[in-house]
Amino acid sequence: MREMTETKSAVLIHFPTSEGRFIPEEFRFLCLSAGYQVIEEYSNVKRPRGPLALSSQKAEEIRTLLDVKHPKLKYLLIGTRLTPVQYFNLKEYFQKDILDKMMIVLEIFENHAQTEEAKLEVKLAQLEYQRPFQKRQLKIQLGKERKGAGSMPFTGKGIDPLELLDLDIQQQKRQIENKLEKIRKSREVRRKIRRKKSKERLGINIALVGYTSAGKSTLLNALTGSSEKTDKLYFTTLDTRVRRIEIDKYPIYLIDTIGFIEDLPAFLFKSFRSTLEESLLADIILVVIDASEPESVIKRKLSVTEDTLLQLEATQPKILVLNKTDKITSQDLEARLTMILERYHGSYQSIVPISSLKKHLSPLMEELGKLLPPLKTYQVIIDGNWSAREFLYSVATILDEELDASSRLFTFIIKTRYSLDYLKRELIKQKTQPRIELISS
Ligand SMILES: Nc1nc2c(ncn2[C@@H]2O[C@H](COP(=O)(O)OP(=O)(O)OP(=O)(O)O)[C@@H](O)[C@H]2O)c(=O)[nH]1
Ligand SMILES: [Mg+2]
């Protein structure tokens, strides 16, 4: 967190994304999320090419401007992924600390990781990303030493320092992977899902996914009354969280996790893949979008989200949640709904506008209700067993209850989403012989 408190003045150079889209606002926001203060921005509309990623003319132009306007500047932030060669060339050319887009994403991750698992995942991703850069740096160093020594220090004797570096990184990675494995074995999500799979408990699992900052955690908080961290900055959530709610005493597990972003590179994906995959074992996926953004942004972010889900092989049914509707007029909402229905009709089971912030959630609650088993009314007769009675109260709304004192029989009229078989099985476990009859469904 040290970086967050010190002022880090930076100049940005924007580049197009790998899809060729030019979205400087996103890179600017990433830099702000990593704690940089942006004092000037330049744009390179062409894809990164050549030894400096920029044309020599553009590089010269920026260097001159920096010399004149910001001679003391420390950070030059590059809005694309650099090769190690480009990275060290730029460092040499501008004489500044250079960070590329992925390094900035990693910095945000490092600042935001809270659980041990997320911290280890970030470390793993950092090791992975830094490896070619460290190798390049070592090569440069060795080149200099060789020149200094006149000739041949590393021929024949000993191990090649590059190989040694590789071995060291591999070892560090293995250590982290082992630790991660241990943590994952005891994870909450896995435990809950496993329990569900073994049919010991019922309920449905719902994953909240979407672009970073769409409002997933705010929605989780609004639905469950919890107080997970939310923020307009990118990548506020890095850890998978599971929270339970009940509708008519039927449990729903809501799973909140890391947001997506365009160009989220493969190595990052790999580090977070198992966390993501676990959350995607859910029965249904709520794709959350910020509906207050312009249509073109909505389309782009939705396509990134769809692509990511495809990569994760998530094939569950999906509900599209248009969040932040409090920020737009009803006409704007209508226009967006029309666009979305035209374009995405068919990909989603339903499309629901909500506002997590204003707790306007009823259209979503209605949809969630449809996912659950239907409510049924039963008559249940059990002998006077208090733990069986307690169980009924925990799974049903009790409409009527009578105790026949002489025969010590309870007669209940209950409304519940649980099946007759389930009720019977559980009541028998409570050492009672129930008589259950369906009254209406
Ligand atoms: N006006 C408005 N703002 C909202 C709403 N929902 C979320 N926000 C704001 O949007 C920002 C992002 O919300 P988060 O819940 O942190 O978003 P997230 O999707 O969890 O983001 P990551 O964890 O970074 O992936 C916060 O500043 C929220 O207060 C909403 O319905 N209306
Ligand atoms: Mg979040």
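Is K324 buried or exposed? Keep that in mind as you open this predicted model, and select K324. K324 counts as buried, because 22 C-beta neighbours sit inside 10 Å, and 20 or more is what the term requires. Now look at where K324 is placed: in the loop between β9 (318-323) and α12 (330-344). Its backbone deserves a glance too, since phi of K324 is near 65 degrees, a positive value in a residue other than glycine. Most residues other than glycine have a negative phi.

**Stop 1: a second lysine with positive phi**

Next, select K359. Phi of K359 is near 55 degrees, and here too the value is positive in a residue other than glycine. You will find K359 in the loop between β10 (350-353) and α13 (362-371). K359 is partly exposed, because 14 other C-beta atoms lie within 10 Å.

**Stop 2: helix α12**

Go back to the loop of K324 and step into α12, residues 330-344. This helix has 15 residues and reaches 20 Å from its first C-alpha to its last, close to the 21 Å expected at 1.5 Å a residue. Following α12 is G346, with a positive phi near 105 degrees.

While you are here, pick out L337, which has its place in helix α12. L337 is partly exposed, because 15 other C-beta atoms lie within 10 Å of its own. Draw a distance line from L337 to V352: the two are 15 residues apart along the chain, and their C-alpha atoms are separated by 9.2 Å.

**Stop 3: ligand 1**

Now display ligand 1 and the residues around it. How many residues surround ligand 1? There are 22, and the closest are G215, T230, T237, G259 and L357. Colour this shell by class and you get 4 nonpolar, 12 polar and 6 charged residues. Helix α9 (residues 216-224) gives the largest share of the shell, with 3 residues.

**Stop 4: L219 and L208**

Stay with helix α9 and select L219, which lies in it. L219 counts as buried, because it has 26 C-beta neighbours inside 10 Å. Leaving out residues up to four places away in sequence, L219 touches L208, V288, N323 and S356. Add L361 to the view: L219 and L361 are 142 residues apart in sequence, yet 8.8 Å apart in space, C-alpha to C-alpha.

From L219, hop to its contact L208. Neighbours within four places in sequence aside, L208 is in contact with K216, L219, L220, L254, I255, D256, L286 and V288.

**Stop 5: the nonpolar cores**

L208 also leads you into the largest nonpolar core, where L208 is among the residues with the most contacts. This core has 77 residues, and the others with the most contacts inside it are C31, L77, I78, A207, L286 and V321. Its largest share, 6 residues, comes from helix α5 (residues 101-112). A second, separate core has 11 residues, including V380, A388, F412 and L427.

**Stop 6: helix α5**

Select α5 next. Its 12 residues should span 16 Å at 1.5 Å a residue, and the end C-alpha atoms are 17 Å apart, which agrees. The helix is mostly covered, with 9 of its 12 residues buried. Among those buried residues are M102, I104, V105, L106, I108 and F109, but also K101, E107 and H112.

**Stop 7: A59**

Move to helix α3 (residues 56-69), where A59 is found. A59 is buried, because 20 other C-beta atoms lie within 10 Å. Apart from neighbours within four places in sequence, A59 is in contact with L52, L54 and Y93. For a long view, connect A59 to S440: these are 381 residues apart along the chain, and their C-alpha atoms are separated by 76 Å.

**Stop 8: G20 and the whole protein**

Select G20, in the loop between β1 (8-14) and α2 (24-33). G20 is exposed, because 7 other C-beta atoms lie within 10 Å. G20 and E228 are 208 residues apart in sequence and 35 Å apart in space, C-alpha to C-alpha.

Finally, zoom out and colour by domain. The domain assignment gives domain 1 (2-110), domain 2 (113-185), domain 3 (188-371) and domain 4 (376-440). The centres of domain 1 and domain 4, taken over C-alpha atoms, are separated by 67 Å.

Methods:
Residues numbered from 1 in each chain as written. Chains lettered and ligands numbered in written order. Predicted model: local features only at pLDDT ≥ 70, side-chain atom pairs only at ≥ 80, totals over all residues. Near = placed C-beta within 6 Å. Helix = DSSP H or I, 4+ residues; strand = E, 2+ residues; numbered from the N terminus. Nonpolar A, V, L, I, M, F, W, Y, C, P; charged D, E, K, R; others polar. Domains from an automatic or database assignment. Core = buried A, V, L, I, M, F, W, Y, C linked by C-beta atoms within 7 Å. Contact = placed C-beta atoms within 7 Å. Expected span 1.5 Å × (residues − 1).
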